[in-house]
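Hi there,

Here is the structure I promised to pass on to you. Have a look at it first, and then read on for what turned up.

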Amino acid sequence: MEFLLALFMGTPVWMWLLFVGIVLGLLILDLGVFNTEDHEIGVAESLKMSAFYITLGLAFSGFVWWQIDATASAQYLTAFVVEKTLALDNIFVIALIFSFFAIPRKYQHRVLFWGILGVIVLRGIMIGLGATIVAQYHWVLYIFAVFLVLTGIKMLFSGDDHAPDLSKNPILRFAKKRMRVTEDLHGNAFFVRLHDSKAGKMVRFATPLFLALVMIEFADLIFAVDSVPAVFTITTDPFIVYTSNIFAILGLRALFFALSAILHRFAYLKYALSILLVFIGSKIFIADAMGWEKFPPAWSLGITFAILGAGIAVSLWKTGGGDDGAAISGEKQH
């Protein structure tokens, strides 16, 4: 019992174990019960899954309130909403990756499932390192804040909306040079054993499904460079930072299947995200100027909702009458 009550990164071990148990339980149910066979996930199923994960993520804020306090709960909710919204850009990139590799919709869930496992580990490492650095060097938060403000300003005035050419991606080129890769998919397999005429024997080949997984993991690592500092400027509590990140990401797969075909309806959300990053980054400077210990969490949550709500409303209004922007599907586009 003493072990369970001991503190790990400022939070009792039993709270960490409970969270890990919930995540493992969700992953086991996902792959072992609800998705034992590859199938194409429709919009209705996707929306139900999204609603479940969002509800679970929001409900966890109640647990945070109960075990910690209302301030921590507000910080968790703000971090959860920010991470969930930033994931919209990630969804767009995932859709491009699936399109580039011509991954059928019935195999996309498998790639995203294993991608989530990688994300859980990578985010844990990044957040652990970030928490250690911030605990020893508080001024690093100001660097995070400036980085977010500059990122938001750059995003706000960036006019480059063209999709990147994945064939020129250095990670993809490196993987293809170092690995044997099949031209076509082999069902839902990441690796297959085939005869290699050069080696004169059966050898292991990676499939395009595995390359898609690698690209998705790399894309999340890039997005984490923005999202992790953003959450650290909201709170430096590692438990709040990590749980809000993971609960937001857990529902990313379901959100992908629901939104990948209508991402063009959120064309103006980019500007809201830009303003949100500037706001999050500037909070620490506002708090210092006002003589506050920290920016009020309740205000932060309310302003976050207002900025995102305005961005969504304007997007739906501006794109409501037309079909500007093509829907991205899992079909190969050339």
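Let me start with the largest cavity, where α5 gives the most to the lining, with 4 residues. Please keep in mind throughout that this is a predicted model.

The cavity first. The structure holds 2 cavities of 30 Å³ or more, and the largest has a volume of about 90 Å³. Its lining is made up of N90, I94, L112, G115, I116, V119, I216, D220, L252 and R253. The elements that give two or more residues to that lining are α4, α5, α8 and α10 (252-259). If you want to find the spot in your viewer, I would centre on I116, one of the lining residues.

Two of those lining residues, L252 and R253, also belong to α10, which is mostly covered: 8 of its 8 residues are buried. Going along the helix, these are L252, R253, A254, L255, F256, F257, A258 and L259.

Now the charged residues. D220, which helps to line the largest cavity, also takes part in a salt bridge: its side chain meets that of R123 at 2.9 Å, N to O. D220 lies in helix α8 (residues 208-232) and R123 in helix α5, so this pair ties together parts that are 97 residues apart in sequence. The structure holds 2 salt bridges, and R123 is in the other one as well, with its side chain meeting that of E83 at 3.1 Å, N to O. Here E83 sits in helix α4 and R123 in helix α5 (residues 105-136), so the pair ties together parts that are 40 residues apart in sequence.

Are these charged partners buried or exposed? With buried meaning under 20% relative accessible area, the values speak plainly. E83 counts as buried because its relative accessibility is 4%. R123 also counts as buried, at 2%, and D220 is buried with a relative accessible area of 4%. Since the salt bridges share partners, E83, R123 and D220 join into one network.

On to the nonpolar side. The largest nonpolar core has 91 residues, and those with the most contacts inside it are F232 and L250. Helix α4 (residues 70-100) gives the most to this core, with 15 residues. So α4 appears in several places: in the core, in the cavity lining and, through E83, in the salt bridge with R123. As for L250, leaving out residues up to four places away in sequence, its contacts are V23, L26, L27, Y53 and I116. You will recognise I116 from the lining of the largest cavity.

Another of those contacts, Y53, is among the buried residues of α3. The full set in that helix is S46, M49, S50, Y53, G57, F60, S61, F63 and V64. An α-helix has 3.6 residues a turn, so residues three or four places apart point the same way. The length of α3 (residues 43-67) also checks out: at 1.5 Å a residue, its 25 residues should span 36 Å, and the end C-alpha atoms are 36 Å apart, which agrees.

One more place deserves a look, where α6 and α11 come into contact. Which residues does S274 touch? Not counting residues up to four places away in sequence, S274 touches G152, M155 and L156. S274 is in helix α11 (residues 269-290) and counts as buried because its relative accessibility is 0%. Its C-alpha atom is separated by 8.0 Å from that of K154, 120 residues apart along the chain.

From the other side, G152 is found in helix α6 (residues 140-157) and is buried too, with a relative accessible area of 0%. Leaving aside neighbours within four places in sequence, G152 is in contact with S274, L277 and V278. The C-alpha atoms of G152 and V278 are 5.2 Å apart in space, although these residues are 126 residues apart in sequence.

Finally, the overall picture. The protein chain has 12 helices and 4 strands. Of its 334 residues, 48% count as buried. Among contacts with a separation of 6 or more, residues 24 or more positions apart account for 79%.

Happy browsing, and best wishes!

Definitions and conventions
Residues numbered from 1 in each chain as written. Predicted model: local features only at pLDDT ≥ 70, side-chain atom pairs only at ≥ 80, totals over all residues. Heavy atoms only, no water. Core = buried A, V, L, I, M, F, W, Y, C linked by side-chain atoms within 4.5 Å. Buried < 20%, exposed > 50% of the residue type's maximum accessible area, 1.4 Å probe, protein only. Contact = heavy atoms within 4.5 Å. Salt bridge = Lys/Arg side-chain N within 4 Å of Asp/Glu carboxyl O. Expected span 1.5 Å × (residues − 1). 1 Å grid on protein atoms, 1.4 Å probe; cavity = no way out; pocket = protein on both sides within 12 Å on 5 of 7 lines; lining within 4 Å. Points joined across faces, edges and corners; volume = space filled by probe spheres on them.
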